[in-house]
Amino acid sequence: MSDEEAEPAQGRLGGKVAFVTGAAGGLGRDVVRRMAGEGADLVIVDICRPVDTVPYPLSTPEDLSDAVGEVRDLGRRVVARQADVRDRDALREAYDAGLAEFGQIHVVVANAGIAPLLVKDQVQAWHDAIDVNLTGTFHTIETAIPSMVDAEQGGSIVIVSSTAGLVGIGGASNGGLGYAASKHGLVGLMRTYANNLAPHSIRVNSVHPTGVATPMVADPVMAEFVAQDPMLSAGAPNALPVDVIEPLDVSHAILWLASDEARYVTGVTLPVDAGFINRR
């Protein structure tokens, strides 16, 4: 089905357009699938290439093409671009392409993120974690704000953080410290944006998953990193009897925050963590 033949929008996001970063694989891919299934048209962005300090495979251009196909198969329209959230100009070009196609963006999901957790530590891992996770989210939201404010129709911004954004975990490596610092920093951004944008009826919230069953978490290099750090490997991680949750568990929460069902929810740090934080 072509974009021009898209069916009338139905579902909890019917009539809305969502801008999603880190959209080609892992959690982002599931978010895109879930939102399209609930009636949203999509503007999706992914770097689609490796980052030197990231030990697990990142998404590819083929993954982005597959995501486009999934959205269209669900009867929704989509604009897709390869862009690095660290590059504000490239992100703006991608966003503007979506704006030109759809006229308005109603929902932003700042999902792009990395976990540069290296067995052989590097100082650069700190910088990459901060630049992608924190600065990239800042770029994403700043890119979206002008058109969302000008439209005067409110909206929802959802930031994907981590349990590492609420408790002191991540280990002592440069990458682990950068990951925890960046994910904590997202909470400060979220709370400040929630206050700044409230007069425009734009809600801002963050989601904090425990380990999610994505290729990142399942990669053997990540398992090796966790195993060599007693702070990370000691004991079962969650209160509920699961080691990891599924991407869909997080997508459910993001969808709810994006929808009108959460129309008065803003400034919230929402754990989707099987009791991980409660045990700390």
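Which residues of α1 are buried? Keep that question in mind while you find your way around this predicted model, and begin with the sheet, from which the other stops can be located.

**The sheet.** Select the seven strands, which form an open sheet with parallel pairing, and follow them in the order β3-β2-β1-β4-β5-β6-β7. The strands at the two edges are β3, residues 78-82, and β7, residues 269-272, each of which pairs on one side only. If you look from one strand to the next, the twist averages 15 degrees. Now narrow the selection to β1, residues 17-21, and β2, residues 41-46, which pair in the parallel sense over five bridges; here valine 20 stands opposite isoleucine 44 in β2.

**Helix α1.** Next select residues 26-37, the twelve residues of α1, which reach 17 Å from the first C-alpha to the last, close to the 16 Å expected. The answer to the opening question is Leu27, Gly28, Arg29, Asp30, Val31, Val32, Arg34, Met35 and Ala36. Because nine of its twelve residues are buried, α1 is largely enclosed by the rest of the structure. To see what these buried residues pack against, show β1, β2, α2, β4, β5 and α9, the last of these being residues 247-258.

**Glycine 39 and arginine 76.** Following α1 comes glycine 39, whose phi is positive, near 100 degrees. Keep glycine 39 in view and add arginine 76, whose side chain reaches the backbone oxygen of glycine 39 at 3.4 Å. Arginine 76 lies in the loop between α2, residues 61-73, and β3, and it is buried, with a relative accessible area of 7%.

**Helix α3.** Move on to residues 88-102, the 15 residues of α3, which reach 21 Å from the first C-alpha to the last. At the start of α3, look for a side-chain oxygen of aspartate 87, which reaches to within 3.2 Å of the backbone nitrogen of aspartate 89. Then colour Leu91, Ala94, Tyr95, Ala97, Gly98 and Phe102, which are buried. Turn the view so that you look down the axis of α3, where the buried residues fall within an arc of 150 degrees and so line one face of the helix. On the other side of α3, Asp89, Glu93 and Ala100 are exposed, while what covers the buried residues includes β1, β2, β3 and α4. Just after α3, glycine 103 takes a positive phi of about 90 degrees.

**Helix α4.** Finish with residues 123-151, the helix α4, which lies across β1, β4, β5 and β6 and runs at about 180 degrees to β5.

Terms used
Residues are numbered from 1 along each chain as its sequence is written. This is a predicted model: local features need pLDDT of at least 70, side-chain atom pairs count only at pLDDT 80 or more; totals for chains, interfaces and linings use all residues. Side-chain values use heavy atoms; hydrogens and water are left out. Two strands pair if DSSP finds at least two bridges between them. Helices (H or I, at least four residues) and strands (E, at least two) are DSSP runs, numbered from the N terminus. Axes are lines fitted to C-alpha atoms, for helices over the stretch in contact, and angles run from 0 to 180 degrees between N-to-C directions. Contact means heavy atoms within 4.5 Å. Buried means under 20% relative accessible area, exposed over 50%, partly exposed in between (1.4 Å probe, protein chains only). A polar contact is a pair of N or O atoms within 3.5 Å; within protein, one must be able to donate a hydrogen and the other to accept it, and residues adjacent in sequence count only if both atoms are side-chain atoms. The expected span of a helix is 1.5 Å times one less than its number of residues. The arc is that of the directions from the helix axis to the C-beta atoms.
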